[in-house]
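Trainee: I would like to go through this model with you, one feature at a time. Where should we begin?

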Amino acid sequence: MLLKEKLFNVEGSYGGQQSWLKAFKIKNQFWADRSCGVTAAANLIMYLSRTRKELSALYQGTTRGDFVGLMKELYPFLKPRVYGIPTLTKMRRGIQRYAYSRGIRLGFYMESWIWDVDEGSDFIIRMLELDRPVLLLT
């Protein structure tokens with residue numbers, strides 16, 4: 001499987017972390033703990049902006065502070081609740097609204113059925129081989 005570690009590097013961390021919201025005093029512990037979807041969306045946006053020139057306006061940061069700023073910007077678009085982000089549609093719409101606010105239209109391919117482990121693994125591997133990031137809502 002192809003991993004592009006450098007594309008996810010944020011000051012030595014592999015991608016952003018939801019705990020940074022509390023560390024940077026953006027959200028309290030309760031809301032930071034419910035921000036995994038916001039963090040996943042921010043990691044997706046960071047990856048897309050670093051791998052697709054036409055999407056570079058989505059995010060230009062390199063530091064933890066920059067990444068936390070991205071999560072803070074995404075929060076009102078995704079609006080996590082006590083139980084997080086409940087549906088793929090809500091996640092997709094939030095990310096698309098954020099991109100649109102930057103003058104970019106993003107398309108998504110969504111699968112919303114329950115797989116067994118083999119079928120799910122095959123799908124993820126296929127998408128990653130095609131350089132298509134995968135978000136899972138669990």
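Mentor: Start with the charged pairs, and keep in mind that this is a predicted model.

Trainee: How many salt bridges does a search of the whole structure find?

Mentor: Side chains of opposite charge can pair when their charged atoms come close. The cut-off applied is a side-chain nitrogen of Lys or Arg within 4 Å of a carboxyl oxygen of Asp or Glu. Over the whole structure, the number of salt bridges found is 2.

Trainee: What is the distance between the closest N and O atoms of Arg52 and Asp131?

Mentor: Arg52 and Asp131 form a salt bridge. The pair links distant parts of the chain, 79 residues apart, with Arg52 in the loop between α3 (36–51) and α4 and Asp131 in the segment after α6 (117–129). The closest N and O atoms of the two are separated by 3.6 Å.

Trainee: Is Arg52 buried or exposed?

Mentor: Take its partner for contrast: Asp131 has a relative accessible area of 23%, so Asp131 is partly exposed. Buried means under 20%. Arg52 has 15% relative accessibility and therefore counts as buried.

Trainee: Which residue forms a salt bridge with Arg102?

Mentor: The closest N and O atoms of this pair are 1.9 Å apart. Arg102 sits in the loop between α5 and α6, and the partner is in helix α4, 29 residues away, so that distant parts of the chain are linked. Arg102 counts as partly exposed at 31% relative accessibility, and the partner counts as partly exposed at 36%. The partner of Arg102 is Glu73.

Trainee: On to the rings. What is the angle between the planes of Phe77 and Tyr98?

Mentor: The structure holds 7 aromatic pairs. One of them is Phe77 with Tyr98, at 5.7 Å centre to centre. Planes over 60 degrees apart count as edge-to-face, and this pair is edge-to-face, with an angle of 80°.

Trainee: How many residues apart are Phe77 and Tyr98?

Mentor: Phe77 belongs to helix α4 and Tyr98 to helix α5. The pair links distant parts of the chain, and the separation between its members is 21 residues.

Trainee: What is the relative accessible area of Tyr98?

Mentor: Phe77 has a relative accessible area of 22%, so Phe77 is partly exposed. Tyr98 is buried, because its relative accessible area is 1%.

Trainee: Which residues form one aromatic cluster?

Mentor: Rings pair if their centres lie within 6.5 Å. The members of the one cluster are Phe8, Tyr14 and Tyr47.

Trainee: Now the surface. Which residues form the positive patch?

Mentor: One member, Arg97, is found in helix α5 (residues 88–101). Arg97 has 39% relative accessibility and so counts as partly exposed. Patch residues need over 30% relative accessible area and no salt bridge. The full list is Lys79, Arg81, Arg93 and Arg97.

Trainee: Which residues gather in the patch of negative charge?

Mentor: Asp122 is one of the members, and Asp122 lies in helix α6. At 45% relative accessibility, Asp122 counts as partly exposed. The residues of this patch are Asp116, Asp118, Glu119 and Asp122.

Trainee: What accessible area do Phe30, Val82 and Tyr83 have together?

Mentor: These three form a nonpolar patch on the surface. Val82 is found in the loop between α4 (64–78) and α5. Together, the accessible area of the patch is about 330 Å².

Trainee: What separates the C-alpha atoms of Pro86 and Arg97?

Mentor: Pro86 lies in the loop between α4 and α5. Its relative accessible area is 42%, so Pro86 is partly exposed. Along the chain, Pro86 and Arg97 are 11 residues apart, and their C-alpha atoms are separated by 17 Å.

Trainee: Last, the backbone. What is the phi of Glu11?

Mentor: Glu11 lies in the loop between β1 (9–10) and β2 (13–14). Glu11 is partly exposed, because its relative accessible area is 46%. Its phi is positive in a residue other than glycine, near 50°.

Trainee: And what is the phi of Lys25?

Mentor: Lys25 lies in the loop between α1 (20–23) and α2 (29–32). Lys25 has 73% relative accessibility and so counts as exposed. Although Lys25 is not a glycine, its phi is positive, at about 60°.

How values were computed: Residues numbered from 1 in each chain as written. Predicted model: local features only at pLDDT ≥ 70, side-chain atom pairs only at ≥ 80, totals over all residues. Heavy atoms only, no water. Patch = residues over 30% accessible without salt bridge, like charges linked within 9 Å, V, L, I, M, F, W, Y side chains within 5 Å. Areas by Shrake-Rupley, 256 points an atom, 1.4 Å probe, with all protein chains shown as cover. Lys, Arg positive; Asp, Glu negative; His and termini not counted. Charge placed at Lys NZ, Arg CZ, Asp CG, Glu CD. Helix = DSSP H or I, 4+ residues; strand = E, 2+ residues; numbered from the N terminus. Buried < 20%, exposed > 50% of the residue type's maximum accessible area, 1.4 Å probe, protein only. Phe/Tyr/Trp six-rings, centres within 6.5 Å; stacked < 30°, edge-to-face > 60°.
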